[in-house]
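Notebook open, coffee ready. I want to look at ring contacts first and then at a pocket.

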Amino acid sequence: MDRLKVAILFGGCSEEHDVSVKSAIEIAANIDNEKYEPLYIGITKSGAWKMCEKPSTEWENGDCCSAVLLPDKKMHGLLVIKSHEYEIRRIDVAFPVLHGKWGEDGAIQGLFELSGIPFVGCDIQSSAICMDKSLAYIVAKNAGIATPEFWVVNENDTPTADRFTYPVFVKPARSGSSFGVKKVNNAGELDAAIESARQYDNKILIEQAVLGCEVGCAVLGNGSGLIVGEVDQIRLRQGIFRIHQEAEPEKGSENAVITIPADLSAEERGRIRETAKKIYKALGCRGLSRVDMFLQHDGRIVLNEVNTLPGFTSYSRYPRMMAAAGITLPELIDRLIVIALKG
């Protein structure tokens, strides 16, 4: 029986390029090669698509050739160019291990839709909504889910610093992994934080700080058949959680302790799981997402953000939460591909 051909896309033009490469390395080490024939497509930081033998930190220096996804449903695959010759390689399913802009915002999902190739993860609409934190908050709030109070700062806006109650968080509206995020404790720090966030997006979010512990939940599946991983909990020693920007994240976070399962009662963890599923459904998520929330001292659960293509590195939270629920990484990869093929 022929193996299913899986195009695994990684890298990309966003600030999360290096994290994406690490995720792809982990997937390559755990995919069932007897069942699947993976085709690895790396995207450079400048946007060039290259087929390579396997993802690695030095993948661009290996034996690569140009390969692009064709937006033609009849082709249903890749145009591979090597030594001035080309061939069409049919693809059964795509697994975009792409984080951040052009990977989680609906852009690559639109290309998959045009090509007619089934793909792992959320569709165009839910990817775009979840990527833009302000849109995600509006949709979630309309579904009865608690969200932080927030203000949007567009490209030419100059907010008055004394209108806010501090502390607040300043964030790029459409970015991930805490790039450009700063906690602002007083009015004098606001302008610098906005300028820092504008390095990543021209739409900025100023968000009222939420008191409570940070918790997360991994969600898998579609519709009524959702599987939820163990709840995790982040305890910060200082600053904000930014493990993907640390020097050696594989050895653990420098400023945070992640506990799986969360050090909470069974009742609290159950409510967090149910809230995560409600958020996932309200935002139209499919395939997988990691839902991050705050659990306040009065028991109120507040949405933080939804990551529609969470990391798959050795230290990433999503696969660790699923592993704690009894789903190993090889099994998780298999389930994601099966869900994508079912549509």
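Before I start, a cut-off I'll need: a residue counts as buried when its relative accessible area is under 20%. Also, I'm working on a predicted model, not an experimental one.

**Entry 1: rings.** I searched the whole structure for aromatic pairs and got eight. I picked Phe 95 and Phe 312, which sit edge-to-face, with 6.0 Å from centre to centre and 85 degrees between the planes. Where are these two in the chain? I found Phe 95 in strand E7 (residues 93-97), while Phe 312 is in the loop between strand E17 (301-307) and helix H7 (317-324). That puts them 217 residues apart, so this pair links distant parts of the chain.

**Entry 2: buried or exposed?** I checked Phe 95 and got a relative accessible area of 0%, so it is buried. Phe 312 also comes out at 0%, so I noted it as buried.

**Entry 3: a third ring.** Next I looked at Phe 312 with Tyr 318: the ring centres are 6.1 Å apart and the planes are at 45 degrees, so I logged this pair as tilted. Both Phe 312 and Tyr 318 are buried. Ring pairs thus join Phe 95, Phe 312 and Tyr 318 into a cluster.

**Entry 4: a pocket.** I moved on to the second largest pocket, which holds about 260 Å³ of space. It has 17 lining residues, and those closest to its centre are Glu 113, Phe 119, Arg 286, Ala 340 and Gly 343. Which helix gives the most to the lining? It's H8, with three residues. By type, I wrote down nine nonpolar, five polar and three charged residues for this lining.

How values were computed
Residues are numbered from 1 along each chain as its sequence is written. This is a predicted model: local features need pLDDT of at least 70, side-chain atom pairs count only at pLDDT 80 or more; totals for chains, interfaces and linings use all residues. Side-chain values use heavy atoms; hydrogens and water are left out. Rings of Phe, Tyr and Trp (its six-membered ring) pair if their centres lie within 6.5 Å; planes under 30 degrees apart count as stacked, over 60 as edge-to-face and the rest as tilted. Helices (H or I, at least four residues) and strands (E, at least two) are DSSP runs, numbered from the N terminus. Buried means under 20% relative accessible area, exposed over 50%, partly exposed in between (1.4 Å probe, protein chains only). On a 1 Å grid over the protein atoms alone, a cavity is a set of points where a 1.4 Å probe fits but cannot get out, and a pocket is an open set with protein on both sides within 12 Å along at least five of seven lines; lining residues have an atom within 4 Å of a point. Grid points are joined across faces, edges and corners, and a volume is the space filled by probe spheres set on the points. Ala, Val, Leu, Ile, Met, Phe, Trp, Tyr, Cys and Pro count as nonpolar, Asp, Glu, Lys and Arg as charged, and the others, Gly among them, as polar.
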